[in-house]
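Please study the sequence and the structure shown below. The exercises that follow are each accompanied by a worked solution.

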Amino acid sequence: MAAAKKVIITCAVTGSIHTPTMSPYLPLTPDEVAAQAIEAAEAGASILHLHARDPKNGKPTPDPAVFMEFLPRIKQSTDAVVNITTGGGHGMTLQERLAAAVLAKPEMTSLNMGSMNFGLFPMLDRPREWKHDWEPQMLENSRDFIFRNTFKDIEYILKELGEGAGVKFEYECYDVGHLYNLAHFLDRKLVTPPLFVQTIFGILGGIGADPENLMHMKRTADKLFGDDYRWSVLAAGRHQLPFTTMAAVMGGNVRVGLEDSLYIGKGKLAKSNAEQVRLIRSIIESLSMEIATPEEARAELALKGGDKVAF
């Protein structure tokens, strides 16, 4: 791994995992997504990873029109790198998942490196009075849900967005096999270094949130990619802070945000994405490391630049 000169903080602003009932602070409307994204950038996030939600009920939506209600506002108010999901949400087709990115042509998108079980149903174990019927239905349906990204799907995304729009990718690796999938595409020269490899811990269906697993994922990535990659770490829920701190100490980059965890401490809901960014930034800086600016992140990841997007 090429050790980070400065730590890149990615903030995943809303995602498609958590639901409105779980936190009153989860941004749902385009106004809320824009405001929280801008605040997170001001707090020190150089990359903003973005999903959209139906403003009527907070349900994840792939509708490009909803994305376009907040993308221009974020671009006008901050220099942060915009990274749009291609994972979308439960039950979306590949074309739906890509629609916003194809239209917006951002500097970055996410790219899940394989198909996997993606179990959210344990969230039903906590009794709640749900605000919307779709929330418990979505969580229950994840018991019998496979997130699909076949080799053919990945090839299509690489061609459509990579070749077609100059997009670079946040390669989301939820298990060791996903690293080998990425190595396969590197061997075929379908992906171009530097690779931004996001290793993910604590999702049911992916690798567990165990510090030894973090070490194993890094060792494997080092073996497969050498100096051709930049490493980043995210972890679900209560594992967010310890795992991102470990990553920073080991020379990697970090991802926080309400997509990955709704909390700022034990039993305490984060009131904004920026609160999480400020916390991880304070830890990084207290360890005598510096955070990367958006321009430094662009240079480190060889991005095309914010002036070459379509929003």
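**The cavity and its lining**

Helix 3 contributes the most to the lining of the largest cavity, namely three residues. The model used in these exercises is predicted.

**Exercise 1.** Determine which elements give two or more residues to the lining of the largest cavity, and how its residues divide by class.

*Solution.*
1. The structure holds one cavity of 30 Å³ or more, and the volume of the largest cavity is about 70 Å³.
2. The residues that line the largest cavity are His51, Ala52, Pro60, Thr61, Pro62, Phe67, Thr85, Gly88, Met92, Glu96, Arg97 and Ala100.
3. Two or more of the lining residues come from each of strand 4 (60-61) and helix 3 (94-104).
4. Gly counts as polar here. Sorted by class, the lining has six nonpolar, four polar and two charged residues.

**Exercise 2.** State in which order the eight strands close into a barrel, and describe how strand 6 is joined to strand 9.

*Solution.*
1. The order of the eight strands in the barrel is 1-2-5-6-9-10-11-12, with parallel pairing.
2. From one strand to the next, the twist averages 25°.
3. Strand 6 (residues 108-112) and strand 9 (residues 168-173) run parallel and are joined by five bridges.
4. Opposite methionine 108 stands lysine 168 of strand 9.

**Exercise 3.** Identify the strands across which helix 7 lies, and give its angle to strand 11.

*Solution.*
1. Helix 7 spans residues 211-225.
2. This helix lies across strand 9, strand 10 (195-201) and strand 11 (229-235).
3. Helix 7 runs at about 160° to strand 11.

Conventions
Residues numbered from 1 in each chain as written. Predicted model: local features only at pLDDT ≥ 70, side-chain atom pairs only at ≥ 80, totals over all residues. Heavy atoms only, no water. 1 Å grid on protein atoms, 1.4 Å probe; cavity = no way out; pocket = protein on both sides within 12 Å on 5 of 7 lines; lining within 4 Å. Points joined across faces, edges and corners; volume = space filled by probe spheres on them. Helix = DSSP H or I, 4+ residues; strand = E, 2+ residues; numbered from the N terminus. Pairing = 2+ DSSP bridges. Axes fitted to C-alpha atoms, helices over the stretch in contact; angles between N-to-C directions. Contact = heavy atoms within 4.5 Å.
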